[in-house]
Each structure stands twice: as structure tokens, then as C-alpha cells.
Amino acid sequence: VFRSLVDSKSNRLIFFALILCFFVVIFNFLFNKSSEDIIYNIPVSLSAFSFDDTIYVSVCFDSTNQEKSNDILPINVMIKCFDSQKQLINKELLTGSYQGIETYLRTTFTDYDIVNVVAEIKISKYEKKLSSVVKKN
């Protein structure tokens, strides 16, 4: 069977393209983090952990390599909390502004059944959705 895959030049080309696609899919699966992304050239990360029946959620907007900008970008973040059956338990809208320096938006929830948090982030006209599993402490 393997011999027929590499018997002719066109078969070898298709076989190696198939192997390359396989490794690209595996690489994306292993190294893609749904809790981190870049929005409007701003690195953004979402984290959530529990402590004493309280869920702490934090959205971090990292500083960019550019100098501090005088432009103030409005930030809107809708935090949605889900239980193990993927039912919406709670949601909260966080607002803030970004000026090129590291900025955090934080909130807490008091329901211990929360296992997953989703942040719908809007900066200017750009929107992204990040998700994070709640880390139990």
C-alpha cells in the first residue's frame, strides 16, 4: 500500500501534501490557545480561577511595542459564565479604555457551579471571543 503512495512523482507530491496538512492540524490543536488573541494589534488574554466560592475573572490588554498613544480606545467586554451543561449562569458588561499600556478589566462571580467563562471583546469596530476554563484552587 505504501509503495503505491510513492510510486509516481504525482503520488509522492500528494502524499507529502497530505502529511504536511496533518502536521499543520496537529500543530494548531496543540498550540492554539482560545484564551489568548490579538485584537486591533493588542494582545489580549482571559483568565478565570475560583477561590472560596468566588470566581475571579480577568481580561488583560497587554502593552504594545509602540510608544504610549494619546488615542483612547474604548473597550467593551461582555463576560458570560457557563456551568457544566453549558447553560448561561450569569453575565456582566465591563467597560474601560486602552492607551497603549497594560490594562486589566476584572470582575467576580459568586456561583461555584461556573466551569467556563467566555469574554466577547469589542475594541473600536473589532470583535473577538475568548474562552477560558475556570481553574479550581
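Let me start with a term. A residue counts as buried under 20% relative accessible area, as exposed over 50%, and as partly exposed in between. Keep that in mind. The structure above is a predicted model.

Let's use the term right away. Where does Y56 fall, at 32% relative accessibility? Y56 is partly exposed, because 32% lies between the two cut-offs. Y56 has a partner. Its ring and the ring of F49 form a stacked aromatic pair. The centres are 5.2 Å apart, and the planes make an angle of 20°. F49 is partly exposed too, with a relative accessible area of 36%.

Why those two values for a pair? A pair of aromatic rings is described by the distance of the centres and the angle of the planes.

How many aromatic pairs are there? The count comes to 4. Take another one, Y40 with Y126. This pair is tilted. Centre to centre, Y40 and Y126 are 5.0 Å apart, with 40° between the planes. Now look at where they sit. Y40 is in the loop between β1 (36-39) and β2 (42-51). Y126 is in strand β8. The two residues are 86 residues apart, so the pair links distant parts of the chain. Y40 has 37% relative accessibility, so Y40 counts as partly exposed. Y126 comes to 37% as well, and is therefore partly exposed.

Staying with rings, find Y104. R106 lies over the face of this ring. The distance from the ring centre is 4.2 Å.

Next, the strand that holds Y126. Strand β8 covers residues 126-133, and strand β7 covers residues 116-123. How do β7 and β8 pair, parallel or antiparallel? They pair in the antiparallel sense, over 8 bridges. For one position to look at, go to I121, which stands opposite K128 in β8. The hairpin of β7 and β8 has 2 residues between the strands. In that hairpin, S124 takes a positive phi near 55°.

One general point while we are on strands. In a regular strand the side chains alternate between the two faces of the sheet.

Last, the cysteines. A disulfide is a covalent bond between the sulfur atoms of two cysteines. How many disulfides does the model have? The count is 0. Take C81, which is in no disulfide. The nearest cysteine sulfur belongs to C60, 19 Å away. Two sulfurs would have to lie within 2.5 Å, so that distance rules out a disulfide for C81. Is C81 buried or exposed? C81 is buried, because its relative accessibility is 0%. C21, by contrast, counts as partly exposed, at 49%.

Definitions and conventions: Residues are numbered from 1 along each chain as its sequence is written. This is a predicted model: local features need pLDDT of at least 70, side-chain atom pairs count only at pLDDT 80 or more; totals for chains, interfaces and linings use all residues. Side-chain values use heavy atoms; hydrogens and water are left out. Two strands pair if DSSP finds at least two bridges between them. Helices (H or I, at least four residues) and strands (E, at least two) are DSSP runs, numbered from the N terminus. Buried means under 20% relative accessible area, exposed over 50%, partly exposed in between (1.4 Å probe, protein chains only). Rings of Phe, Tyr and Trp (its six-membered ring) pair if their centres lie within 6.5 Å; planes under 30 degrees apart count as stacked, over 60 as edge-to-face and the rest as tilted. A charge sits over a ring if NZ of Lys or CZ of Arg is within 6 Å of the ring centre and within 35 degrees of the ring normal.
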